[in-house]
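Please read the following account with the model open beside it. The walk goes from the nonpolar interior to the charged pairs and then to two polar side chains.

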Amino acid sequence: MGKTDVMLGTMLKDFSHRTPVMTDVETLKRDAGIAACAYVSSGMKVGLGTGSTVKYTVIELGRMMAEEGLEIVGVPTSLATEKLATEVGIPLVKLSEIDGLDVVIDGADEYDPQFQLIKGGGAALLREKIVAQESSGMVVVADDRKRVDTLGAFPLPIEVTPFAHQATIRVLGRVLNCRVNCRMSGDHPVITDNGNMIADAHCGPTIQDPVAMEKEILNIAGVVQVGLFNNMCDVVVLAGANGVETFVNPNGRLK
Ligand code: 5RP
């Protein structure tokens, strides 16, 4: 199936009739985040992603619980989302205490025509991937800047152990044949919720085979996880100039 077939032939829901054309990025994020709540219904266990787009999903789910009688429990993918979900009144459960999730809604830094993703711009990729792995469906919320033909213009986040992180980063640079840097916050490395560090690989839009690349990176000692989310995303709820559109992965689990 060609790229165009995937992107156009699988559109499920068209929210454009109630979403005026807007270009303001924050408005697009909000529209996508709210529209994705259509995938949540009472009784569900919901993975709550991390980032500036999915925050609107979390806020809207809290509103639906307070005002519309929605009953769900959530599993957050970061300490930041845990705080927000608590503030908006979503009851939280531990992933290890339940038997899987019905759906996770999360953001992405890039997605390609095969619905493969780069995630981790917010340094939450490890928990996000564990939660996605436990979910029966994954809905990605994004604005149209995130849609790419080939992954990699966004530097690929890789979570690495603090132990010998410079050495791991050197190996990553050799293996990937590109510049890899330790993500910094001022003078200090960014520390993830898991106490690790983030390496960003500047490979450019060259990732033709993200499945092979994921395996290659995970094979390196010192790598905890990589922000390539392959064969996980079922639906992209995308906000752009045409309003909010929903693209369904023809090989995915959600219809
Ligand atoms: C965090 C993530 C985010 O979901 C991703 O960076 C997108 O965030 P935003 O919606 O703020 O652009 O992967 O680790």
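In this predicted model, the largest nonpolar core has 30 residues, and those with the most contacts inside it are Val40, Val46, Leu61, Ile72, Ile90, Val139 and Val237. The elements that contribute two or more residues to this core are the helices α2 (25-35), α3 and α4 together with the strands β2 (45-48), β4, β7 (138-143), β15 (235-240) and β16. Of these, α3 gives the most, with five residues. In soluble globular proteins, nonpolar side chains tend to be buried together.

Ile72 offers a convenient point from which to look around this core: leaving aside residues up to four places away in sequence, Ile72 touches Val40, Ser41, Met44, Val46, Leu61, Met65, Ile90 and Pro91. Apart from the largest core lies another, of 24 residues, which includes Val104, Leu125, Val131 and Phe229.

The charged side chains come next, and the structure holds twelve salt bridges. One of these joins Glu60 to Arg63, with the closest N and O atoms 2.9 Å apart; both residues belong to helix α3 (residues 54-68), where they stand three residues apart, about one turn of the helix. The two partners can be told apart by their accessibility, since Glu60 has a relative accessible area of 13%, under the 20% limit, and is therefore buried, whereas Arg63, at 29%, is partly exposed. Arg63 also meets the side chain of Glu68 in a salt bridge, again with an N to O distance of 2.9 Å. Seen as a whole, Glu60, Arg63, Glu67 and Glu68 are linked in a network of salt bridges.

A further salt bridge brings together the side chains of Lys119 and Asp106, at 3.1 Å from N to O. Because Lys119 lies in the loop between β6 (117-118) and α5 (125-133) while Asp106 lies in strand β4 (residues 103-107), this pair ties together parts that are 13 residues apart in sequence. Are these two charged residues buried or exposed? Lys119 counts as buried, at 2% relative accessibility, and Asp106 is buried as well, with a relative accessible area of 0%.

Thr77 is a polar residue to examine in its surroundings, and its place is in the loop between β3 (73-76) and α4 (79-87). At 0% relative accessibility, Thr77 counts as buried. Which residues does Thr77 touch, not counting those up to four places away in sequence? They are Leu48, Gly49, Thr50, Ala124, Arg127, Glu128 and Val131. Within this set, Ala124 is 47 residues from Thr77 in sequence, yet the two C-alpha atoms are 6.8 Å apart in space. The side chain of Thr77 has a polar atom 2.8 Å from the backbone oxygen of Leu48, and a polar contact of 2.7 Å joins the side chains of Thr77 and Thr50.

Asn249, finally, is found in the segment after β16 (243-248), and with a relative accessible area of 8% this residue is buried. The side chain of Asn249 reaches the backbone oxygen of Cys233 at 3.0 Å. When neighbours within four places in sequence are left aside, Asn249 is in contact with Gln114, Phe115, Cys233, Asp234 and Lys255.

Technical notes:
Residues are numbered from 1 along each chain as its sequence is written. This is a predicted model: local features need pLDDT of at least 70, side-chain atom pairs count only at pLDDT 80 or more; totals for chains, interfaces and linings use all residues. Side-chain values use heavy atoms; hydrogens and water are left out. A salt bridge is a side-chain nitrogen of Lys or Arg within 4 Å of a carboxyl oxygen of Asp or Glu. Helices (H or I, at least four residues) and strands (E, at least two) are DSSP runs, numbered from the N terminus. Buried means under 20% relative accessible area, exposed over 50%, partly exposed in between (1.4 Å probe, protein chains only). Contact means heavy atoms within 4.5 Å. A polar contact is a pair of N or O atoms within 3.5 Å; within protein, one must be able to donate a hydrogen and the other to accept it, and residues adjacent in sequence count only if both atoms are side-chain atoms. A nonpolar core is a set of buried Ala, Val, Leu, Ile, Met, Phe, Trp, Tyr and Cys residues joined through side-chain atoms within 4.5 Å.
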